[in-house]
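Reader: I am new to this one and would like to understand the words used for it. Could you take me through them step by step?

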Amino acid sequence: MIDAAPTDALRAAALSVMSQAYAPYSRFRVGAALATTGGRTFVGCNVENASYGESICAERSAVLAAVAHGERAFTALVIATEGSTPAAPCGACRQVLAEFAPSLEITSCTTLGAESHWSLDQLLPAPFTSNSLPRS
Ligand code: THU
């Protein structure tokens with residue numbers, strides 16, 4: 001756990017975009033708001049598919065939106081879900097986030113006001129990175 005609290009704006013953005021989630025199969029709606037080093041915010045939500053394995057998580061959706069807009073340096077991520085238990089990002093999202101921000105500050109909040117904080121290197125302590133690849 002880390003002490004850093006996200007801005008209210010980032011938390012509000014994550015909670016707001018959660019309502020755009022397309023989750024007819026799990027009924028588990030997730031929103032994510034990713035802050036860049038330059039102060040921009042990119043949001044994402046989970047988008048499910050009838051072919052379940054093609055569903056995409058909110059966190060990766062936010063990363064893809066940011067990268068498509070030319071942003072690759074991030075300072076904080078807020079995840080929003082409904083209910084009482086904050087959700088940590090899944091393994092696939094941890095790996096994708098680590099590509100750009102291995103020490104990212106992550107907060108997960110819920111509509112009922114619960115909140116948890118981590119740094120990404122706590123959640124993914126031994127990531128596979130570009131340094132893991134052989135050099136040509
Ligand atoms: N989900 C996310 O959006 N983020 C995560 O880190 C974990 C899971 C979504 C995927 C799926 O649409 C739903 O939550 C249930 O797994």
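Author: Gladly! Sorted by class, the shell around the ligand holds six nonpolar, two polar and two charged residues. Please keep in mind that this is a predicted model.

Reader: Which residues are around the ligand?

Author: They are Ser26, Phe28, Val30, Asn46, Glu48, Cys57, Ala58, Glu59, Pro89 and Cys90. Glu counts as charged, so Glu48 and Glu59 are the two charged residues of the shell.

Reader: What makes the pair between asparagine 46 and the ligand a polar contact?

Author: An N or O atom in the asparagine 46 side chain is 2.9 Å from an oxygen atom of the ligand. The cut-off is a pair of N or O atoms within 3.5 Å, so this pair counts as a polar contact. The side chain of glutamate 59 also has an N or O atom 2.7 Å from a ligand oxygen, and for glutamate 48 a polar side-chain atom lies 2.5 Å from an oxygen of the ligand.

Reader: How much of the ligand does the protein bury?

Author: On its own the ligand exposes 370 Å², and the protein buries 75% of that. The ligand sits in the largest pocket.

Reader: How many disulfides does a search of the whole structure find?

Author: It finds zero. Cysteine 57 is in no disulfide: the nearest cysteine sulfur, that of cysteine 93, is 3.8 Å away. A disulfide needs two cysteine sulfur atoms within 2.5 Å, so this pair does not qualify. For cysteine 93, the closest cysteine sulfur is in cysteine 90, at 3.7 Å, which is too far for a bond.

Reader: Why is cysteine 93 called buried, and cysteine 57 partly exposed?

Author: Buried means under 20% relative accessible area, and cysteine 93 has 0%, so it is buried. Cysteine 57 has 22%, between the 20% and 50% limits, and is therefore partly exposed.

Conventions. Residues are numbered from 1 along each chain as its sequence is written. This is a predicted model: local features need pLDDT of at least 70, side-chain atom pairs count only at pLDDT 80 or more; totals for chains, interfaces and linings use all residues. Side-chain values use heavy atoms; hydrogens and water are left out. A residue is near a molecule or strand if one of its heavy atoms lies within 4 Å of it. A polar contact is a pair of N or O atoms within 3.5 Å; within protein, one must be able to donate a hydrogen and the other to accept it, and residues adjacent in sequence count only if both atoms are side-chain atoms. Accessible areas come from the Shrake-Rupley method with a 1.4 Å probe; for residues, only the protein chains shown count as cover. On a 1 Å grid over the protein atoms alone, a cavity is a set of points where a 1.4 Å probe fits but cannot get out, and a pocket is an open set with protein on both sides within 12 Å along at least five of seven lines; lining residues have an atom within 4 Å of a point. A molecule sits in a cavity or pocket if more than half of its atoms lie within 2 Å of its grid points. Buried means under 20% relative accessible area, exposed over 50%, partly exposed in between (1.4 Å probe, protein chains only).
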